[in-house]
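I opened my notebook to look up a few spots in this structure, one at a time. Follow along with the sequence and the 3D view beside you.

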Amino acid sequence: MCGRYTFFMRGRDLEDRVEEDLEETVDWRDSALDRYQPSYNVEPSTLNPVVDAGSQAKITLQRWGLVPHWADSDDDWNLINARSESVDDKPVFREAFESRRCLVPAQGFYEWSDREGPSIPYRFVPRDDPDDLLYLAGVYESWEPSTSQSDLSSYGGGTDDADTGEAGAWFGDVRYSILTEPATRPVEEVHDRMPVMLTSHELPTWLTGEPKDARKLLDNHVVPEDYLRGYRVSREVNSPANDRPELLAEVSG
DNA sequence: CCAGACGTTGTT
DNA sequence: GTCTGG
DNA sequence: CCAGACGTTGTT
DNA sequence: GTCTGG
C-alpha cells in the first residue's frame, strides 16, 4: 500500500523540475504555491501538490483520499489507494482513470512492516539519488458537499477556474488516489504492495494519453529491481502529528 | 425491475 | 473492536 | 498509513 | 453515476 510519503522540495524547484520532465511550461494554480508547506510525513486527508493536465499542465493542491462525485458524504469514502490491476474497471475509479489521471510528486515513501509486533516504519528512496523526485501515478475527482448541507464555507475557498471549468474550481475538494502494484525488491521484504512510480518516459502517456494506452502502460510497467533503497526510520513517523526533517534519518534496527 | 453496493489495506 | 482525524 | 477516540445530558 | 445481485 502507500499510506504515507514525504515531499519537501521547494515549490519553485518542483515547478522547474516538472517543466523539464514534461518539456512544457507548467503553472501553479490558485496561488497553490503560497499555501504549500513541505512535509516529512504526508498523510491522508491533507492538501498536497499534484500535477494534472488539461489544455496545459498545472500544479494544484489536492486532498489525498478520493471521494466519488456521487457520494452524499465524505464520511464513507476516502480512497487513498487504487489497485493498478483494476483501476480501469472498478466503478468508483473508472471515470477518473479515463479522464482524470495525475502525477503525485514524492521524495520517498513509507511502508510499515507486515510482521507481528509493533508497527515498524521503513522509508524507500531511489538508491542512486535519495532526494530525487518520484512521480506516483494517481487519479482524481472533484467532490462537493450537497447544497442541502449548510456550511459550505468550511469547504473550498479557492478561486474560480474560469477559463476551462475543469475540476479545481473548489480548491480543497479535488481529491486524489495513489495507484498501487505488487511490490518488488526491496519493498517486498517489508510489504506486498507499493505505489506505482512512473518513469519520465511514461509521464506523457499517463497524463494525456488515451485510456487504452494508459492501461497498456500499467501492464508493461516495470520497476528495475533494487532501483530503490529501504531503510528503517524512527517510530515517531507513526504519529501523523510528527513532521520534521529528523524523521528522514536512518535508525538502527 | 429495484435495492444496494461501489474501495484498499490487512487480518481472519 | 471499529470509527475518525490527521 | 497510524493514533486515538469511542457518550449523553444539560449548561455555558 | 453505474454496476451487481436478487
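**Entry 1: cysteines.** I began with disulfides, meaning pairs of cysteine sulfur atoms within 2.5 Å, and the count came to 0. Why does Cys 2 not form a bond? The closest cysteine sulfur, in Cys 102, is 13 Å away from that of Cys 2, so the gap is too far for a bond. Cys 102 is likewise in no disulfide, with the sulfur of Cys 2 as its nearest at 13 Å. I then looked up accessibility, where buried means under 20% relative accessible area, exposed over 50%, and partly exposed in between (1.4 Å probe, protein chains only). Cys 2 is buried at 0%, and Cys 102 is buried at 0% too.

**A note on the model.** This is a predicted model, where local features need pLDDT of at least 70, side-chain atom pairs count only at pLDDT 80 or more, and totals for chains, interfaces and linings use all residues. Residues are numbered from 1 along each chain as its sequence is written, chains are lettered from A and ligands numbered from 1 in the order in which they are written, and side-chain values use heavy atoms, with hydrogens and water left out.

**Entry 2: Arg 101.** I found Arg 101 in strand β7, residues 101-106. (Strands are DSSP runs of E, at least two residues, and helices are runs of H or I, at least four, numbered from the N terminus.) Which side chain of opposite charge is nearest to Arg 101? It is Glu 210, 7.5 Å away, and Arg 101 is buried without a salt bridge. A salt bridge needs a side-chain nitrogen of Lys or Arg within 4 Å of a carboxyl oxygen of Asp or Glu; Lys and Arg count as positive, Asp and Glu as negative, while His and the chain ends are not counted. I did find backbone oxygens beside polar atoms of the Arg 101 side chain: that of Phe 97 at 2.7 Å and that of Gly 209 at 2.5 Å.

**Entry 3: DNA strand C.** I listed the residues near this strand (a heavy atom within 4 Å) and got Arg 4, Glu 43, Pro 44, Ser 45 and Pro 240. Sugar and phosphate make up 27% of the atoms of DNA strand C that come within 4 Å of the protein. A polar side-chain atom of Glu 43 sits 3.3 Å from a sugar or linking oxygen of DNA strand C, and one of Ser 45 sits 3.1 Å from a base nitrogen. I also noted that Ser 45 has a positive phi near 85° though it is not glycine. Ser 45 belongs to the loop between β3 (39-42) and β4 (47-53), and at 40% relative accessibility Ser 45 is partly exposed.

**Entry 4: DNA strand E.** Here I found His 69, Trp 70, Pro 91, Arg 94 and Glu 95 around the strand. Sugar or phosphate supplies 31% of the atoms of DNA strand E within 4 Å of the protein, and bases the rest. A polar side-chain atom of Trp 70 is 3.3 Å from a base nitrogen of DNA strand E.

**Entry 5: Glu 23.** Is Glu 23 buried or exposed? Glu 23 is exposed, at 74% relative accessible area. I placed Glu 23 in the loop between α1 (11-22) and β2 (27-28), and its phi is positive, about 55°, although Glu 23 is not a glycine.

Key
A polar contact is a pair of N or O atoms within 3.5 Å; within protein, one must be able to donate a hydrogen and the other to accept it, and residues adjacent in sequence count only if both atoms are side-chain atoms.
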